[in-house]
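Q: Please take a close look at one charged residue in this model and at the surroundings into which it is built. I would like a careful, connected account that begins with the residue and then works outward.

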Amino acid sequence: MIIPNEIWQQVFDRANGYCEYCDQDLLISRATYASAQVDHVLARAKDGRNNLENLRLACSQCNSSLSRYNHLTTFEERKDLVAKKIEEYHQRNYQEKLSKL
């Protein structure tokens, strides 16, 4: 479902151009701006609506990864999951780099 432009712009403005999950600056380049997406916190398949309370600005990576977690139905749960995944990723990379020293 396409988000109406007016609502998309309201979501973008509320977030000041930052992914609301990982805080990536979506205005850093034309490519990141063009890939900015609106995430339905409560999935459309679960009767999620196109209202501002249910919509969050997301980078393409966060929105893609969150699509597998439709059981998380609040923004806080979804944001916590992204933070956990980022931390796990950094720890894995840090340990890998240490092992090569």
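A: With a relative accessible area of 12%, Glu 20 is buried, because the limit for that class is under 20%. The model is a predicted one, and in it Glu 20 sits in the loop that runs between H1 and helix H2 (30-35). Leaving aside residues up to four places away in sequence, Glu 20 touches Val 11, Arg 14, Ala 15, Arg 56, Leu 57, Phe 75 and Lys 79.

One of these contacts, Arg 14, is a salt-bridge partner of Glu 20, with the closest N and O atoms 3.2 Å apart. The side chains of Glu 20 and Arg 14 are also joined by a polar contact of 3.2 Å. The two partners fall into separate accessibility classes, since Arg 14, at a relative accessible area of 36%, is partly exposed, whereas Glu 20, at 12%, counts as buried. Side chains of opposite charge can pair when their charged atoms come close.

A search of the whole structure finds four salt bridges, and two further ones can be set beside that of Glu 20. In one, the side chains of Asp 39 and Arg 78 meet at 3.1 Å, N to O. That pair links distant parts of the chain, with Asp 39 in strand E1 (residues 37-40) and Arg 78 in helix H4, 39 residues apart. Asp 39 is buried at a relative accessible area of 5%, and Arg 78 is buried as well, at 1%. In the other, Arg 49 forms a salt bridge with Asp 47, the closest N and O atoms being 3.0 Å apart; here Arg 49 is partly exposed at 48% relative accessibility, and Asp 47 is partly exposed at 46%. Returning to Glu 20, salt bridges that share partners join Arg 14, Glu 20 and Arg 56 into one network.

Arg 56 leads on to strand E2. From E2, Leu 55 and Leu 57 point one way while Arg 56 and Ala 58 point the other way, and all of them are buried. In a regular strand the side chains alternate between the two faces of the sheet. E2 runs antiparallel to E1, and four bridges join the two strands; within this pairing, His 40 stands opposite Leu 55. Asp 47 is found in the loop between E1 and E2, and its phi is near 75 degrees, a positive value in a residue other than glycine.

The loop between H1 and H2 also holds Asn 16, whose phi is likewise positive in a residue other than glycine, near 55 degrees. Asn 16 counts as exposed at 57% relative accessibility, while Glu 20, in the loop between H1 and H2, is buried at 12%.

Leu 57, which Glu 20 touches, belongs to the largest nonpolar core. Of the 21 residues in that core, Trp 8, Cys 19, Tyr 21, Leu 26, Val 38, Leu 57 and Cys 62 touch the most other members. Helix H1 (5-14), strand E2 (55-58), helix H3 (60-66) and helix H4 (75-99) are the elements that give two or more residues to this core. In soluble globular proteins, nonpolar side chains tend to be buried together. Leu 26, not counting residues up to four places away in sequence, touches Gly 17, Tyr 18, Cys 19, Thr 32, Tyr 33, Ala 36, Leu 57, Ala 58 and Cys 59, so Leu 57 is a contact of both Leu 26 and Glu 20.Trp 8, a member of that core, opens the last part of the picture, the aromatic pairs, of which a search of the whole structure finds four. The rings of Trp 8 and Phe 12 are stacked, because their centres lie 5.3 Å apart and their planes meet at 15 degrees. Trp 8 and Phe 12 both lie in helix H1, four residues apart, about one turn of the helix, and Trp 8 is buried at a relative accessible area of 17%, as is Phe 12 at 8%. Phe 12 and Tyr 33, by contrast, form an edge-to-face pair, with ring centres 5.5 Å apart and planes at 85 degrees. This second pair links distant parts of the chain, Phe 12 in helix H1 and Tyr 33 in helix H2, 21 residues apart. Tyr 33 is partly exposed, with a relative accessible area of 37%, and Trp 8, Phe 12 and Tyr 33 form one aromatic cluster.

Conventions
Residues are numbered from 1 along each chain as its sequence is written. This is a predicted model: local features need pLDDT of at least 70, side-chain atom pairs count only at pLDDT 80 or more; totals for chains, interfaces and linings use all residues. Side-chain values use heavy atoms; hydrogens and water are left out. A nonpolar core is a set of buried Ala, Val, Leu, Ile, Met, Phe, Trp, Tyr and Cys residues joined through side-chain atoms within 4.5 Å. Buried means under 20% relative accessible area, exposed over 50%, partly exposed in between (1.4 Å probe, protein chains only). Contact means heavy atoms within 4.5 Å. Two strands pair if DSSP finds at least two bridges between them. A polar contact is a pair of N or O atoms within 3.5 Å; within protein, one must be able to donate a hydrogen and the other to accept it, and residues adjacent in sequence count only if both atoms are side-chain atoms. Rings of Phe, Tyr and Trp (its six-membered ring) pair if their centres lie within 6.5 Å; planes under 30 degrees apart count as stacked, over 60 as edge-to-face and the rest as tilted.
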